[in-house]
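Let's take a walk through this one together. Have the sequence and the viewer open side by side, and follow along chain by chain.

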Amino acid sequence: MTAFRAVVLEHFRRPRNRGAVEGATGEAEGANPLCGDRIRVQVRVDGERVAAAGFTADACAVCIAAASLLTERVTGRPVAEARALSVDALHEALEGEPPPGRKRCVALPLDTLQRALSTSTGASG
Amino acid sequence: MNGLLHTVGTDLEKEKAVVVATLVAATGSSSKKVGARMYVGASGRILGGVTIGGCVDAQVVEASDALVAEGGRKLLSISLDDDEAWEIGLTCGGTVEVLIERAVPSDPNDPVVRSHREAAERLAAGEPAELTTALGDGRTFVDHIAPPTTLLIVGAGQIAMSLTRLARELEMRTVVIDGRERYATRERFPDADEVRVGMPSEIVASYSLAKGTAVILVAHDYKYELPVLRNLIRSDVGYLGMLGSRKRGAAVRALLRDEGFSDEELARVRTPIGLDIGGKAPAEVALSILAEVVAVRSGKAT
């Protein structure tokens, strides 16, 4: 088993930060229109930091693993750092890249997180 | 023929008068359940039936034709000898009693129209309804009508399209659910009562997950199956089926078992879905699924 697959399965079976965020200040929902992945990301921004991030998803293993890793990575970090996260950084966290047809499964949680941060009432900048 | 209640407010409104015929009693082995209805319009239009067909319905139509002109109500008692009984499905003869009542669909205060509309409204809201009618001889006929089965269909593919078409004929309500806007469209599902786009597990959970609800997973995609099943396995839905082979079903159960669901709970998920009628085409699969839903509802499938 590749490292990528091992990471994906681990986070798919035991996703971190799955569920609603109490006192969320921002939220966004996103979908991959053809494969049907659907995800909602919620954040609670406190000052300049992401105090909490969570997600709810009816999505594939890659998408859920990416959301799990992503929310783990941004929790407690500065909003500016979360906004600067790239798909490449997520690939690194996943210890590999998905096949070409599945790259949008990684991009979806990131895009949804960025929109959630933009809608956050506690967002700065 | 509970669904014909709805026609009181639609097609039959075009009629000046309608006779509502209700099977209120049957001895012997009736081919239809007590409560079956037939509507005979002043124009000659006939909807429904109080038996499977043949002599009894013909006699009721004849009596209704007279009543639609004269007005009022009448309790018909129709005896059947064995030959006739065989012809129409009453295998051991007997007697049927049919109440015929004249109603004016355009009159909202007509007592028959009003009671049917009230019942239709309750059924449309997913609640049981009751029609109470004095038979005129000291007896009262009380018809307890269960709400129609609601099918929550997850996955807006070809099998779902066939399901909505066939379910309409079976007088079942259908809700098609998918996360994909291009699939879950009104154009693809003209016969569905509702078409919903969003997070399938959340949409499913927003409905009454009671015995009268059947959940049919035909997405054939674990991304919807797992979250929907997590929300449903411990609910009271009357039917829970998932498209897929035994092997695939076992894999999904194994994943959910790891999350703490018991074997007994997981056994509720019917996979492979549907009765085995040997068909592979989408409409054939849909037919087998609906056959199983009916069989479970009527206690003929374990």
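Start with the outside of chain A: it exposes about 5,700 Å², and carbon and sulfur atoms supply 50% of that area. Keep in mind as you look around that this is a predicted model. Of the 125 residues in chain A, 50% count as buried. The C-alpha trace spans about 40 × 25 × 25 Å along its principal axes. How does the radius of gyration of chain A sit with that of a compact globule? For 125 residues such a globule would come out near 14 Å, and chain A has 13 Å, so the two agree.

Now for what chain A is built from. You'll find five helices and three strands, and reading along the sequence they come in the pattern α-β-β-β-α-α-α-α. Contacts also reach across the sequence: among those between residues at least 6 apart, 62% join residues at least 24 apart.

Next, a couple of backbone oddities. Most residues other than glycine have a negative phi, and most peptide bonds are trans. E95(A) has a positive phi of about 60 degrees although it isn't a glycine; look for E95(A) in the loop between α4 (87–93) and α5 (103–119) of chain A. Chain B has a case too: phi of E171(B) is near 60 degrees, again a positive value in a residue other than glycine. E171(B) is in the loop between α5 (158–169) and β9 (173–178) of chain B, and with a relative accessible area of 37% it is partly exposed. As for peptide bonds, the one from T271(B) to P272(B) is cis, with omega near -5 degrees. P272(B) has its place in the loop between α9 and α10 of chain B.

Stay in that loop for a moment, since I277(B) is found there as well, between α9 (263–266) and α10 (282–297). I277(B) is partly exposed, with a relative accessible area of 48%. Together with L275(B) and L287(B), I277(B) forms a nonpolar patch on the surface, with about 260 Å² of accessible area between the three of them.

Move on to a hairpin in chain B. Strand β6 (residues 129–134) and β7(B) pair in the antiparallel sense over six bridges, and T140(B) in β7(B) is the bridge partner of A134(B). Five residues lie between the strands, and in this hairpin G136(B) takes a positive phi near 90 degrees. Strand β7 (residues 140–145) has two faces: F141(B), D143(B) and I145(B) are on the covered one, while T140(B), V142(B) and H144(B) are on the uncovered one.

Finally, the charges. A search of the whole structure finds 27 salt bridges over all chains. One of them joins the side chains of R45(B) and E15(B) at 3.6 Å, N to O. That pair links distant parts of the chain, 30 residues apart. Is each partner buried or partly exposed? R45(B) is partly exposed at 33% relative accessible area, whereas E15(B) counts as buried at 5%. R180(B) and D178(B) form another salt bridge, with the closest N and O atoms 2.9 Å apart, and both residues are buried. To finish, pick out E27(A), E29(A), R38(A), R40(A) and E202(B), which are linked in a network of salt bridges.

Key:
Residues are numbered from 1 along each chain as its sequence is written. Chains are lettered from A and ligands numbered from 1 in the order in which they are written. This is a predicted model: local features need pLDDT of at least 70, side-chain atom pairs count only at pLDDT 80 or more; totals for chains, interfaces and linings use all residues. Side-chain values use heavy atoms; hydrogens and water are left out. Patches are made of residues with over 30% relative accessible area and no salt bridge: like charges are joined within 9 Å, nonpolar side chains (Val, Leu, Ile, Met, Phe, Trp, Tyr) within 5 Å. Accessible areas come from the Shrake-Rupley method with a 1.4 Å probe; for residues, only the protein chains shown count as cover. A salt bridge is a side-chain nitrogen of Lys or Arg within 4 Å of a carboxyl oxygen of Asp or Glu. Helices (H or I, at least four residues) and strands (E, at least two) are DSSP runs, numbered from the N terminus. Buried means under 20% relative accessible area, exposed over 50%, partly exposed in between (1.4 Å probe, protein chains only). Two strands pair if DSSP finds at least two bridges between them. The radius of gyration is taken over C-alpha atoms; the globule rule is 2.2 Å times the number of residues to the power 0.38. Contact means heavy atoms within 4.5 Å.
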